[in-house]
There are 4 protein chains.
Amino acid sequence: MRALGIGLIGTGFMGRAHALAFNNARTVFELPVNVQLAALADADTERAQRCASAWGFAQAHGDWQQLIDDPQVDLVAITTPNHLHYPMAMAALAAGKAVYCEKPLAVSLEQADAMRRAARAAGVVTRVGYNYQHNPMIVLARQMIEAGELGQIISFQGEFSEDFMADPTSPWSWRCEVGHAGGALADLGSHLLAMARYLVGDITHVCADSQTVHAQRPASPGSSQMRPIEIDDQVHALLRFTNGARGTVSSSWLKRGYKNHLSFEISGTRGTLAFDQERLNELRVCRAGADSFQRLLAGPTLPGYAAFSPAAGHQLGYNELKTLEVQELIMALAGQGAEGTDFEAAWAVERLATAIRMAAREERWVKVNEV
Amino acid sequence: MRALGIGLIGTGFMGRAHALAFNNARTVFELPVNVQLAALADADTERAQRCASAWGFAQAHGDWQQLIDDPQVDLVAITTPNHLHYPMAMAALAAGKAVYCEKPLAVSLEQADAMRRAARAAGVVTRVGYNYQHNPMIVLARQMIEAGELGQIISFQGEFSEDFMADPTSPWSWRCEVGHAGGALADLGSHLLAMARYLVGDITHVCADSQTVHAQRPASPGSSQMRPIEIDDQVHALLRFTNGARGTVSSSWLKRGYKNHLSFEISGTRGTLAFDQERLNELRVCRAGADSFQRLLAGPTLPGYAAFSPAAGHQLGYNELKTLEVQELIMALAGQGAEGTDFEAAWAVERLATAIRMAAREERWVKVNEV
Amino acid sequence: MRALGIGLIGTGFMGRAHALAFNNARTVFELPVNVQLAALADADTERAQRCASAWGFAQAHGDWQQLIDDPQVDLVAITTPNHLHYPMAMAALAAGKAVYCEKPLAVSLEQADAMRRAARAAGVVTRVGYNYQHNPMIVLARQMIEAGELGQIISFQGEFSEDFMADPTSPWSWRCEVGHAGGALADLGSHLLAMARYLVGDITHVCADSQTVHAQRPASPGSSQMRPIEIDDQVHALLRFTNGARGTVSSSWLKRGYKNHLSFEISGTRGTLAFDQERLNELRVCRAGADSFQRLLAGPTLPGYAAFSPAAGHQLGYNELKTLEVQELIMALAGQGAEGTDFEAAWAVERLATAIRMAAREERWVKVNEV
Amino acid sequence: MRALGIGLIGTGFMGRAHALAFNNARTVFELPVNVQLAALADADTERAQRCASAWGFAQAHGDWQQLIDDPQVDLVAITTPNHLHYPMAMAALAAGKAVYCEKPLAVSLEQADAMRRAARAAGVVTRVGYNYQHNPMIVLARQMIEAGELGQIISFQGEFSEDFMADPTSPWSWRCEVGHAGGALADLGSHLLAMARYLVGDITHVCADSQTVHAQRPASPGSSQMRPIEIDDQVHALLRFTNGARGTVSSSWLKRGYKNHLSFEISGTRGTLAFDQERLNELRVCRAGADSFQRLLAGPTLPGYAAFSPAAGHQLGYNELKTLEVQELIMALAGQGAEGTDFEAAWAVERLATAIRMAAREERWVKVNEV
């Protein structure tokens with residue numbers, strides 16, 4: 001069986017999540033390749049070594065370029081701060097390596113565009129970490145839509161809200177920087193836009209309204225020095241889809257009580273689907289004829305769930321969605337499966353977010369492909 | 001105690017709901033006036049007499065003008081089809097009578113404007129049947145907002161969806177006529193717009209998208225002859241409020257599984273409120289500090305609830321909201337209380353709906369007072 | 001159409017609820033008799049007169065025996081404190097009048113037994129106010145069970161809990177008296193037992209455990225003088241039904257957060273039903289094949305609901321269940337319909353509660369008909 | 001850092017779950033010992049080797065006694081069919097090894113008793129896989145109870161129901177055998193009893209009713225030959241706790257719609273807690289003063305959750321509870337932490353289940369320590 005060497009850059013929470021996911025994918029799935037944890041890179045060499053040892057990586061590097069150049073590395077996984085996605089991915093693509101990059105793809109649409117072009121030119125597999133789409137309940141939702149169980153889709157109403165910035169004394173961070181893909185839309189909303197595209201399809205026109213509610217925040221935790229804030233605390237938008245469906249999306253990081261509220265309702269001529277990621281193992285559906293909502297609970301009839309449990313109702317967690325994402329990526333690298341979000345699709349999400357920002361700024365409907 | 005003579009026009013479902021509400025208001029509340037069911041009118045004289053007898057009205061009229069002219073009638077309640085609201089209300093106002101009109105106020109903004117001017121000139125009490133606002137949980141929501149429990153309001157996201165037109169073979173009816181205030185926005189959405197205004201305040205700008213999904217429907221039940229449909233099956237809109245809050249509203253009568261889904265979430269800098277009218281005795285709230293949602297259940301600490309039950313959790317139904325609406329109206333007629341939706345406020349709802357239709361048609365943001 | 005004269009004893013909350021119900025039944029239903037509010041009795045003559053006038057009764061009496069003797073009175077409705085049910089009902093039966101008595105039927109099983117015998121001897125219609133059974137969703141549940149939709153019923157798990165006595169400083173009241181049918185089992189649990197019998201059938205054996213948690217309470221509100229408490233604050237019991245089903249019931253008035261939590265789950269070989277009275281317009285059901293729960297929402301396919309609203313999701317309230325109870329009673333008086341709880345059935349509930357108390361006291365299984 | 005060699009017996013679903021859990025515990029936690037996957041045993045030698053390689057174990061054995069004798073093995077983890085728990089655990093204890101055994105501890109109370117005595121004599125750490133207790137929300141529940149947030153606990157009402165045997169054509173399996181700890185009570189109910197003991201404390205008396213609904217099942221899938229069934233399909237019981245609390249437990253594997261419905265409500269004099277394992281990241285709580293239920297969502301203020309995610313609402317899955325169980329076990333082996341279910345506690349659960357069976361058979365209250 002062919003070996004597949006994984007090179008992981010970054011040792012923060014997402015770095016560890018990747019390490020867990022690659023390890024678990026090997027245990028849980030019968031994979032067509034022999035996944036090897038080849039190398040781990042972190043600017044802090046000592047930390048790189050410690051984590052490599054704890055997480056089972058063969059090599060540790062203090063310099064990410066060395067990791068990319070490492071001949072044992074076939075796939076470069078990038079979990080560093082957003083502004084480093086571009087140089088790292090471009091270098092990996094230049095070296096002909098496959099790339100698995102955390103979202104967002106980049107911190108500007110120009111970067112994202114260059115990255116998808118480079119990926120296309122390199123002809124390698126790329127993936128971006130829109131892991132929520134790998135939830136078996138989301139896969140089920142897509143299958144139901146594709147099978148026509150909802151009829152013609154006419155509406156998508158989505159929201160991704162949390163409350164981690166609700167406290168006005170929450171300090172400035174890179175998430176507040178335009179140049180780091182900050183703001184509620186980029187940070188949270190992009191997941192929702194990716195979901196809308198995955199489930200309903202391309203979006204052609206948008207109109208939007210966005211707002212900075214807290215115009216300044218402490219420069220650092222507890223500081224009395226205030227720093228002005230320019231990015232959006234909340235966004236509301238109207239969407240038109242290629243297939244004729246219409247919809248709304250909202251995103252806020254000020255909405256008290258919500259922790260992971262990526263929710264949507266999809267309405268079709270024959271049924272309605274509802275999902276709330278705070279209960280990620282459930283899906284509510286009303287089919288024509290039933291006249292009422294059913295609560296579907298994840299179970300082993302869904303392959304992604306069956307990999308983890310033979311019994312329904314035992315529930316998957318966030319980290320298992322990451323394992324499912326990694327499995328799809330490995331299958332794609334083995335020439336099987338093509339459901340994941342590649343650089344092309346991730347660029348389309350960035351372009352859509354850019355169109356929404358433009359629509360909000362110019363207070364008008366914007367055609368997405370005019371961006 | 002002063003007598004207050006009620007004259008009711010219409011004997012359909014809403015007519016009977018008014019009869020129940022006036023009767024129950026007398027039993028349930030200690031009212032400052034002596035409510036008398038003075039007269040009932042229906043074009044079908046025999047029916048008028050039968051219902052008057054069953055419902056306890058002293059007089060029956062086949063001609064509504066006679067009812068208006070009846071000196072025993074102090075308040076004219078109008079529950080006839082929408083296009084008759086205008087002539088009846090105008091006649092009642094001309095006669096100096098107070099008017100209680102079912103929603104919508106009128107079938108055109110011009111009519112509505114004339115009616116509010118006539119009401120102002122007549123100097124009488126007017127009310128329009130936006131009864132959902134009289135739900136004690138909605139009154140509580142407003143009190144919480146006014147008391148600042150949610151901090152500064154930053155977002156209102158609302159929806160009113162049902163599914164009674166979801167079946168494409170549901171035939172044409174007056175609800176499909178522009179000239180009868182038909183369409184999802186006018187029929188359902190107007191309740192939501194009134195709610196947004198009641199809870200958050202005036203709306204200054206709107207942008208919207210609306211759609212006719214089923215472009216034709218059978219001309220009558222079971223008919224093979226199709227009739228073209230011009231009104232909206234669903235509408236999505238963005239709102240800007242005078243106080244700086246932003247929001248979305250959606251309305252559809254095609255959304256399978258929903259029967260009375262007037263729902264909203266109101267987000268403030270200090271808390272979040274959520275309501276779904278399919279569970280009208282509940283309110284979910286997250287206050288700063290609590291970090292999670294509480295489910296409030298209607299109980300006798302709310303005066304509107306206490307009138308009906310001394311114990312929490314026993315629940316009010318739709319008809320009791322109507323009784324509460326009638327009580328507020330009677331209090332207003334007795335010179336007490338001023339919370340209800342009068343012709344001025346109802347006109348503002350109609351103007352807002354008109355602005356939304358204009359925004360959808362012209363594909364642009366519309367300033368509400370340019371309408 | 002034959003006249004039916006109603007004589008109502010009692011002007012408290014339940015008295016007013018009866019007045020509302022009789023009034024509304026006349027307006028809402030096409031009844032086969034002409035319901036007349038003939039007389040109202042209250043020991044406080046002035047209050048009797050005031051309420052009679054406000055609620056529309058033709059006569060007022062200070063002495064309830066006069067009301068019973070009143071030839072205009074065909075049906076005697078009793079809403080007085082529990083210990084008065086017996087003398088009033090016995091007098092009414094002796095006068096050959098139909099009787100509508102609030103629950104519990106009596107304050108001892110001996111009284112209840114005498115009452116059902118007297119009712120049988122008098123040959124008149126009797127009803128006891130187990131109004132929760134008239135909820136259209138409960139009627140639907142019974143229809144589903146009778147139609148075999150759940151298969152053979154194997155389990156009933158029920159609870160009726162509230163929290164109105166949870167505060168240990170809540171003072172002594174008649175509800176704490178054995179001789180007034182006090183305690184969580186008699187006050188709340190009897191509704192649940194009646195529901196179990198209505199839905200699943202007769203109960204043959206019981207075993208139980210009961211507890212007085214707060215052994216003394218203030219003699220009156222705010223008093224520092226304590227009064228010993230002997231009745232049960234909570235009860236748990238096992239049940240065996242004639243048809244082979246088994247189950248549990250629990251009742252508590254100390255359970256914080258619950259206001260009207262009469263809930264149950266009924267499990268059959270082909271399906272499961274779940275109900276919670278804090279959402280009385282809903283029923284959750286899982287049928288074989290569906291593999292998941294559906295949320296049914298009350299709507300006009302249910303006759304009891306259709307009487308009040310032509311549209312689903314508009315919800316009935318507590319008082320409307322009372323109106324439905326009154327309608328069934330009137331139909332029974334007109335020789336139609338026989339679904340209500342008569343003195344015989346109410347006695348069976350009292351006997352069951354007595355068996356549960358015996359089982360708890362003697363710490364053993366008790367055969368219900370040994371009581 | 002001291003090495004800790006893990007020897008795992010069994011390669012089925014639970015074997016793999018253990019492998020995942022040991023691997024993930026190493027990655028997720030900073031452990032005080034160096035966990036080594038030393039050896040894996042399966043009667044099928046080839047399978048043992050294949051799984052050892054895929055899951056990262058250093059050695060593979062076809063004979064479990066060899067694994068126990070392996071000097072690299074410090075801890076023996078047993079995931080084989082129930083009847084093998086006894087011989088394997090006894091051999092491991094005889095060899096002075098720590099033991100981690102899946103539930104149930106044994107297939108008879110005699111075995112369980114011998115095992116806890118052997119464990120006590122050996123003086124080693126033992127654990128039994130009641131992993132649901134390691135759910136951070138359950139740990140939180142216990143902390144709230146211990147901190148007195150609910151006041152004095154007065155009631156525990158629990159249920160563990162699923163529907164995997166609901167279909168009468170589901171064939172006979174070892175789960176239907178008394179001698180394999182089969183039946184709804186042993187298979188499901190034991191988790192619930194362990195939970196009741198963990199949260200509320202020891203149980204002194206029980207009374208119960210149990211039932212075999214489907215008296216025969218196909219001998220094998222699709223077979224027309226029927227095999228008689230003796231074990232319980234459903235059980236209902238009353239409980240009395242040492243601390244004075246009372247309660248009910250129910251367990252069924254016939255209850256349609258439920259997949260993992262281990263649910264309970266705990267009522268105290270100052271509050272109520274409610275949990276349903278089909279939503280294992282949530283806890284509902286009503287505290288005195290709040291007067292309504294709050295929905296708590298798992299987040300990083302809980303250490304067990306924080307290990308997996310820095311953000312609330314991202315949810316843990318079943319497999320992560322297993323990782324938390326393994327972590328506690330490793331901490332105990334390192335001389336830290338003592339929260340887990342050891343052989344002593346697991347024997348107490350078996351004794352309790354035995355008392356419940358006796359109470360059901362003899363139709364009387366049984367004192368648990370008379371068993």
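**Close-up views of a predicted model**

**View 1. A pair of bridged residues between two strands of chain C.** In this predicted model, C:Ile9 has C:Ile78, a residue of strand 4 of chain C, as its bridge partner. The strands concerned are strand 1 (residues 3–9) and strand 4 (residues 75–78) of chain C, which pair in the parallel sense over four bridges.

**View 2. The six-stranded sheet of chain C.** Strand 1 and strand 4 of chain C take their places in an open sheet of six strands, whose order is 3-2-1-4-5-6 and whose pairing is parallel. Strand 3 (59–61) and strand 6 (126–128) of chain C form the edges; each has a single partner strand, so one side of each lacks a neighbour in the sheet. On average, neighbouring strands of this sheet are turned by 20° against each other, direction ignored.

**View 3. Two helices lying across the sheet of chain C.** Helix 1 (residues 13–28) of chain C lies across strand 1, strand 2 (34–41), strand 4 and strand 5 (98–101) of chain C. Its direction makes an angle of about 165° with strand 2 of chain C. Helix 9 (residues 318–333) of chain C lies across strand 1, strand 2, strand 4, strand 5 and strand 6 of chain C. For helix 9 of chain C, the angle of about 165° is to strand 5 of chain C.

**View 4. The six-stranded sheet of chain D.** Chain D contains an open sheet of six strands in the order 3-2-1-4-5-6, with parallel pairing. Its edge strands are strand 3 (59–61) and strand 6 (126–128) of chain D, each of which pairs on one side only. The average turn between neighbouring strands of this sheet is 20°, direction ignored. Within chain D, strand 1 (residues 3–9) and strand 4 (residues 75–78) pair in the parallel sense over four bridges. D:Leu8 stands opposite D:Ala77, which belongs to strand 4 of chain D.

**View 5. The interface of chain C and chain D.** Here 45 residues of chain C are in contact with 45 residues of chain D. The two chains bury about 3600 Å² between them, and 47% of this area is on carbon and sulfur atoms. Across the interface there are 10 salt bridges. One salt bridge joins C:Lys255 and D:Glu265, with the closest N and O atoms 2.8 Å apart. The interface also holds 32 residue pairs in polar contact, both residues being at pLDDT 80 or more. On the side of chain C that touches chain D, the elements giving two or more residues include strand 7 (153–161), strand 8 (203–211) and strand 11 (234–241) of chain C. Strand 11 of chain C provides the largest share, six residues. By class, this side of chain C has 14 nonpolar, 17 polar and 14 charged residues.

**View 6. The interface of chain A and chain B.** Contact is made between 45 residues of chain A and 45 residues of chain B. About 3600 Å² is buried between chain A and chain B, 47% of it on carbon and sulfur atoms. Between these chains the count is 10 salt bridges. A:Lys255 and B:Glu265 meet through their side chains in a salt bridge, at 2.9 Å from N to O. The count of residue pairs in polar contact is 32, both residues being at pLDDT 80 or more. Among the elements that each supply at least two residues of the side of chain A that touches chain B are strand 12 (246–252), strand 13 (261–268), strand 14 (271–276) and strand 15 (282–287) of chain A. Strand 11 of chain A gives the most to this side, with six residues.

How values were computed:
Residues numbered from 1 in each chain as written. Chains lettered and ligands numbered in written order. Predicted model: local features only at pLDDT ≥ 70, side-chain atom pairs only at ≥ 80, totals over all residues. Heavy atoms only, no water. Contact = heavy atoms within 4.5 Å. Buried area = accessible area lost by both parts, 1.4 Å probe. Salt bridge = Lys/Arg side-chain N within 4 Å of Asp/Glu carboxyl O. Polar contact = N/O pair within 3.5 Å; in protein donor to acceptor, adjacent residues only side chain to side chain. Nonpolar A, V, L, I, M, F, W, Y, C, P; charged D, E, K, R; others polar. Pairing = 2+ DSSP bridges. Axes fitted to C-alpha atoms, helices over the stretch in contact; angles between N-to-C directions.
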